[in-house]
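Let's take a walk through a protein fold together. Keep the structure open beside you and look for each part as we come to it.

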Amino acid sequence: MKKTTALLLATTMVGSIMLTPVAKAENVEVISVEESEKEVGNVNFISVTGTITKITEESTGNFFATIKNEDEEFGFYFNDETRIFDNTGKVTELKEGLEFTAFVDARKPMILIYPPRYSPEVIIVQTEEAGTVALEQFDEKFLNKKKDTVINISDDTVIEDLSGKSLKKEAIVDKDVLIFYEVVLESYPMQIGPSKIIVLEKEPTAIEKAYAIVEKDFYEVNGEMMIPLRLVAETLGYKVDSTGTGAIVSKGNVSFTITRGTTIYGYNKALRQFKETPELLEQYKTYVPYEFLQLLVEHVN
């Protein structure tokens, strides 16, 4: 019988950068968006500001910035994948002594410990150069939700997502975006010609796409989840060659030989065994146990 239970836990674990710090249980409390006290006109993101006091490298390869302001102490994690810009939109690096504003996705589970620790999606470093950054949402007429600002997008306006992928202007509609601008025309609503727009979304990774397929397309057989072999394997970059009774799935020096009707499968020159037999559960679609997805993911670069 086909089931529709979402694989949210697996997707979250694989598709996210695990930057959340570990703390003693008595000091940890999970908070929701509604409990956040740092909303910035948009319930999807919160912002934190301050001056970086110290930057240390963690054993995981991530970095941790410590901020000690007059009113509070907190910190945030970042790594090579964290998008860091200055207030003019130029890519930059974090250093001790810099003033910043960090934007954090409030829809993610947050751990409340003291001092607070965040994992921001974007960090803006303040410089002496002229330039302003604002978090906004715009409709199809490029008017913001407060109806007090309209943006004029030109061919020179850089529009990209958190992955650095270039986007068309239509992609910003009803999305959380950061706009970088300098000149504001006096009018109501204000007219702004942004130099850069960052849509606060990432292009899904191949692994995230594979888990999304499994979330919608699977069967349960004898208590085992069965997933579509070809769809998942090709999404992860594997080559799938039909053998008539199954398939050979390969990528680089890794090869799997799957045969319908038997739990035995080949893994390079070795033989292994599935918990459940691969079968045609839909016409022309071979389904294999969920454990095969986990094997494929291990070999994704």
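Two strands count as paired if DSSP finds at least two bridges between them. With that rule in hand, start at Ile84, which stands opposite Ile123 in β9. The two strands involved are β5 and β9 (residues 122–125), and they pair in the parallel sense over four bridges. What covers the faces of strand β5? Both of its faces are covered: Arg83 and Phe85 on one side are buried, and so are Ile84 and Asp86 on the other. As a rule, side chains in a regular strand alternate between the two faces of the sheet.

**The whole model**

Before going further, note that this is a predicted model. The mean pLDDT of the protein is 85, and 84% of its residues reach 70 or more. Please be careful with residues 3–41, where pLDDT stays under 50. For that stretch the model has 64 contacts beyond four places in sequence.

The protein has 25 strands and four helices. Of its 301 residues, 40% count as buried. The protein exposes about 17,100 Å², and carbon and sulfur atoms supply 49% of that area. Among contacts between residues at least 6 apart in sequence, 59% join residues at least 24 apart.

**Two open sheets**

Now find the open sheet of four strands, whose order is β10-β13-β16-β12, with mixed pairing. Why is one side of β10 (132–136) and of β12 (158–161) left without a neighbour in the sheet? Both stand at the edges, each with a single partner strand, so there is no neighbour on the other side. On average, neighbouring strands of this sheet are turned by 20° against each other, direction ignored. Inside the sheet, strand β13 (residues 177–181) and strand β16 (residues 196–199) pair in the antiparallel sense over four bridges. Leu178 is a handy landmark here, as it stands opposite Ile198 in β16.

Another open sheet has three strands in the order β11-β15-β14, again with mixed pairing. Its edge strands are β11 (149–151) and β14 (184–185), and each pairs on one side only. Three bridges join β11 to strand β15 (residues 190–192), and these two run parallel. Look for Val150, whose bridge partner in β15 is Gln191.

**Aromatic rings**

Finally, turn to the rings. A pair of aromatic rings is described by the distance of the centres and the angle of the planes. The count comes to 12 aromatic pairs, and two of them are set out here.

| Pair | Centre to centre | Angle between planes | Kind |
|---|---|---|---|
| Phe256 and Tyr267 | 4.9 Å | 5° | stacked |
| Tyr265 and Phe274 | 4.1 Å | 20° | stacked |

Planes under 30 degrees apart count as stacked, and the 5° of Phe256 and Tyr267 therefore makes them a stacked pair. Phe256 lies in strand β21 (residues 254–259) and Tyr267 in strand β22 (residues 264–267), so the pair ties together parts that are 11 residues apart in sequence.

Are these rings buried or exposed? Buried means under 20% relative accessible area. Phe256, at 0%, counts as buried, and Tyr267 is buried with 15%. In the other pair, Tyr265 is buried at 3% relative accessibility, and Phe274 is buried at 3% as well.

One more place to visit is an aromatic cluster formed by Phe63, Phe74, Phe76, Phe78, Phe100 and Tyr118.

Notes. Residues are numbered from 1 along each chain as its sequence is written. This is a predicted model: local features need pLDDT of at least 70, side-chain atom pairs count only at pLDDT 80 or more; totals for chains, interfaces and linings use all residues. Side-chain values use heavy atoms; hydrogens and water are left out. pLDDT is the predictor's confidence in each residue, from 0 to 100. Contact means heavy atoms within 4.5 Å. Axes are lines fitted to C-alpha atoms, for helices over the stretch in contact, and angles run from 0 to 180 degrees between N-to-C directions. Buried means under 20% relative accessible area, exposed over 50%, partly exposed in between (1.4 Å probe, protein chains only). Accessible areas come from the Shrake-Rupley method with a 1.4 Å probe; for residues, only the protein chains shown count as cover. Rings of Phe, Tyr and Trp (its six-membered ring) pair if their centres lie within 6.5 Å; planes under 30 degrees apart count as stacked, over 60 as edge-to-face and the rest as tilted.
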